[in-house]
Amino acid sequence: MTRYHLRYQVLPGRDPGPLADFCAAHGVEEVVLMTGAEELHAGHPVGDGEDLWFETVRAARDALSARGVQVSLNPWVTVGHADRGRVQDLGFAPLVSPAGETSTAAASLACPVWRDWLAAHYGRFAGLGFRVMWLEDDFRFHNHAPLTWGGGFEPEMLARFHRLAGEEPTREELVAAITAPGEPHPWRALLQRTWREAQLEVVTLVRRAVAGRARLGLMSSGLGVASAEGRSWGALFDLVEAHRPHFAPYGDAPGRRLAYSIAMLELQRPLRPAGVEVAPEVENWTHTEWSKSDTQTWSEMVAAHLSGADALLLDVFPFVTGDPGRYPRVGRMLTRSRPALDATVTGALETFGVGVPWWEDAAARVHGDGTLGGLVADPLRAAEFLLPYGIPVRAGVAPVTALFGATAWAVPDPAELLRGGVLLDGAAAAILTERGYGELLGVSVTEVVARETTSPRPYAVERVRDGGALLSVNVQAAVARLTAADDAEVWTDVLTPRGEHWGAGRVAHVNALGGRVLTMAACAPELLGRCDDGRLLAQAAVRWLGGPPPVAGEAVPGPPDGGSPPVPGEPDNRWSPAPDGGLPLVSGGPYLMPQYARVGGRWRLAVVNGSADPAAPVVTGVPAGAGLRATLLEPLAEPREVTARRDGDRVLIDAEVPHRGYLIMEGCVHGDAARRGSGA
């Protein structure tokens with residue numbers, strides 16, 4: 001069943017009884033109490049301030065427990081989120097940014113005074129008895145406004161680095177070295193190790209402080225920036241037992257932004273070992289319907305359930321409300337959402353799709369650009385290109401893998417990756433070429449040209465060779481100038497505004513290892529203007545990349561004409577170990593975004609409509625076999641079964657999926673159907 005965990009701040013001096021009543025009325029299983037959050041943050045609580053919050057949460061815990069509601073605790077600060085005019089005077093060593101700015105409120109993870117405070121604070125509150133005590137997402141080095149980038153360059157942390165390195169560079173020398181272009185300086189890995197060890201030491205102290213009285217949970221944010229900090233997810237999950245992944249925007253966003261949410265949930269899923277509880281945070285700021293619609297909240301909760309969430313951690317009340325009775329709409333939203341959420345409780349699942357790889361040490365290998373931000377290799381970019389074009393994704397390397405941007409620096413063995421099917425953007429192709437693997441790509445990258453470079457022949461459009469359709473590359477920040485090898489096939493050409501040839505746009509190649517590579521000149525394909533031709537090209541690329549190994553004399557197929565697969569018989573391709581060997585691809589409207597998975601011995605395709613207009617999905621590559629069933633989930637409504645019918649290699653739906661609605665298709669894989677047919 002759906003497990004609602006309400007993240008809620010009980011105000012000092014207020015009766016917690018109405019909160020307990022709300023939970024009983026709307027099936028809220030757990031309340032995660034907040035202390036000293038946002039507007040009520042007066043600095044790290046000590047003395048009378050800490051006593052006040054201690055008594056406040058004690059009263060709330062007693063009232064909730066008496067009504068059968070579980071209680072967890074979320075102190076709002078560890079290091080400290082942002083200064084916002086606050087000044088701490090507790091003797092904590094402050095964070096210092098790479099630019100030398102000093103925080104007035106946030107503490108260094110190397111500070112022994114702050115460490116003692118944090119362990120004592122968590123230990124004291126653990127004595128009240130909570131199911132989980134959460135480390136807030138300010139437990140990090142980056143993102144502590146108003147510091148540039150964040151902290152980690154304070155004298156106390158640099159002293160730890162100096163002992164490890166056996167050298168004593170200044171802050172300015174260290175920053176210049178770790179962010180310099182070219183081969184990473186050894187100091188970068190040593191600084192990341194310094195940060196990692198400091199962070200793990202603190203988690204260990206907090207774990208000891210709460211051991212035997214509460215589980216310890218951790219919120220996380222972006223993988224790319226965590227890599228820049230040198231974070232070790234395995235070591236952290238040896239110490240924490242619950243995970244609160246960030247995945248949702250704070251306020252209203254276009255439905256197509258669900259691509260970000262789906263990808264964030266999928267890419268964080270492999271980080272967790274079995275047994276770690278996951279409760280994605282459905283975020284909202286300032287926590288009212290003025291910030292985020294019920295429809296968006298509903299769609300994000302469904303996305304979290306489809307990803308295998310154990311519970312939903314909800315930010316739906318203002319932190320300064322003190323009375324849930326003032327917001328009856330929240331209760332109605334939770335009650336109306338439950339039928340769809342109960343229908344999508346997932347548990348264990350195995351996802352399939354184009355692989356989106358990521359390595360936690362990626363930032364240690366990236367060639368810098370002079371800034372800390374330049375060390376971030378963002379794995380989300382490939383997913384955000386593929387999902388809106390109806391192409392499912394999965395975390396990690398797969399038979400077909402999409403590798404974009406700086407992540408290419410992190411591939412441990414590019415030759416092994418290039419034995420399969422690989423979709424590259426121009427930046428990744430340039431990096432793999434620099435790493436010595438250019439001959440396996442089928443293209444030479446002569447240069448990467450920035451948009452604002454003064455040139456008499458700027459790039460403007462991409463023209464498909466078969467049919468002549470035009471797509472825009474006019475606002476791409478950078479495009480790689482590609483020249484195709486003699487045995488490669490050019491699908492598109494990049495042209496200037498006057499129609500002059502500028503370079504190859506998309507190039508398909510079967511390399512000497514038997515792998516298939518398709519390279520796009522665009523260096524940020526996820527930011528290309530979307531269109532039907534773009535979807536045709538993207539889906540054709542995935543079909544071709546997942547095709548069978550080439551035979552002697554086989555010609556590399558060109559782009560699609562009107563949407564036909566470029567190889568006869570596809571998409572019945574080599575998507576092993578996906579259910580039934582096929583990969584469903586979705587069309588029928590813009591931003592129909594799929595998740596493909598095996599759940600409980602059956603395959604499941606979930607398609608969400610990220611467009612404001614309703615659409616009837618058309619799916620190719622649906623596994624054959626018995627038991628095809630389709631369910632329509634409309635926002636805040638009861639699920640209803642709809643008709644799914646086969647038309648050749650397509651499945652059509654006799655219903656339209658509304659904005660942020662989901663179509664759930666399920667069926668047996670061949671093996672399961674055969675066993676059922678034989679009575680097994």
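# A tour of the predicted model, stop by stop

Select Thr 286 to begin: this residue sits in the loop between β10 (281–282) and α10. The model is predicted. Now add Trp 285 to the selection and display the backbone. The peptide bond from Trp 285 to Thr 286 is cis, and its omega is near 15°.

**A second cis bond**

Move to Pro 146, in the loop between β6 (132–135) and α4 (155–165). Here the peptide bond from Ala 145 to Pro 146 is cis, with omega near 5°.

**Positive phi outside glycine**

Select Glu 38 next, in the loop between β2 (28–35) and α2 (47–66). Its phi is positive, about 50°, although Glu 38 is not a glycine. Is Glu 38 buried or exposed? Its relative accessible area is 18%, and the cut-off for buried is under 20%, so Glu 38 counts as buried.

Then go to Arg 660, in the loop between β31 and β32 (662–668). Arg 660 is not a glycine either, and its phi is a positive value near 65°. Arg 660 has 3% relative accessibility and therefore counts as buried.

**The sheet next to that loop**

Select β24, β27, β31 and β30. They form an open sheet of four strands in the order β24-β27-β31-β30, with antiparallel pairing. Which strands stand at the edges? They are β24 (585–587) and β30 (644–647); each has a single partner strand, so one side of each has no neighbour in the sheet. Look along the sheet to see the twist: on average, neighbouring strands are turned by 25° against each other, direction ignored.

Narrow the selection to β27 (residues 618–620) and β31 (residues 650–653). These strands run antiparallel and are joined by three bridges. For one pair to label, take Val 619, whose bridge partner in β31 is Val 651. Now bring in α16, which packs on the sheet and touches β24 and β27. The direction of α16 makes about 165° with that of β24.

**Helix α16**

Keep α16 (residues 532–545) on screen by itself. The helix has 14 residues and reaches 20 Å from its first C-alpha to its last, close to the 20 Å expected at 1.5 Å a residue. Colour α16 by accessibility: 11 of its 14 residues are buried, so the helix is mostly covered. Among the buried residues are Gly 534, Arg 535, Gln 539, Arg 543 and Trp 544. The buried stretch from Leu 537 to Leu 545 also includes Ala 538, Ala 540, Ala 541 and Val 542.

**A strand with both faces covered**

Select β15 (residues 400–403). In a regular strand the side chains alternate between the two faces of the sheet. In β15, Val 400 and Ala 402 lie on one side, Thr 401 and Leu 403 on the other, and all are buried. Add β16 (residues 421–424), which runs parallel to β15 and is joined to it by four bridges. The bridge partner of Val 400 in β16 is Gly 421.

**Two buried loop residues**

Select Thr 496, in the loop between β21 (489–495) and β22 (501–510). Thr 496 counts as buried, at 2% relative accessibility. What does Thr 496 touch, leaving aside its neighbours within four places in sequence? Its contacts are Arg 457, Pro 458, Ala 460 and Trp 502.

Next, select Gly 353, in the loop between β12 (350–352) and β13 (354–356). At 2% relative accessibility, Gly 353 is also counted as buried. Draw a distance from the C-alpha of Gly 353 to the C-alpha of Val 599: the separation is 15 Å, with the two residues 246 apart along the chain.

**Cavities**

For the last stop, switch on a cavity display. How many cavities of 30 Å³ or more does the structure hold? There are 10. The largest cavity has a volume of about 170 Å³. Its lining consists of 17 residues, and the closest to its centre are Ile 262, Ala 303, Leu 306, Pro 594 and Gln 595. To show the surrounding elements, select α9 (258–268), α10 (294–306), β25 (592–599) and β26 (602–609); each supplies at least two residues of the lining.

Technical notes. Residues are numbered from 1 along each chain as its sequence is written. This is a predicted model: local features need pLDDT of at least 70, side-chain atom pairs count only at pLDDT 80 or more; totals for chains, interfaces and linings use all residues. Side-chain values use heavy atoms; hydrogens and water are left out. The expected span of a helix is 1.5 Å times one less than its number of residues. Buried means under 20% relative accessible area, exposed over 50%, partly exposed in between (1.4 Å probe, protein chains only). Two strands pair if DSSP finds at least two bridges between them. Axes are lines fitted to C-alpha atoms, for helices over the stretch in contact, and angles run from 0 to 180 degrees between N-to-C directions. Contact means heavy atoms within 4.5 Å. On a 1 Å grid over the protein atoms alone, a cavity is a set of points where a 1.4 Å probe fits but cannot get out, and a pocket is an open set with protein on both sides within 12 Å along at least five of seven lines; lining residues have an atom within 4 Å of a point. Grid points are joined across faces, edges and corners, and a volume is the space filled by probe spheres set on the points.
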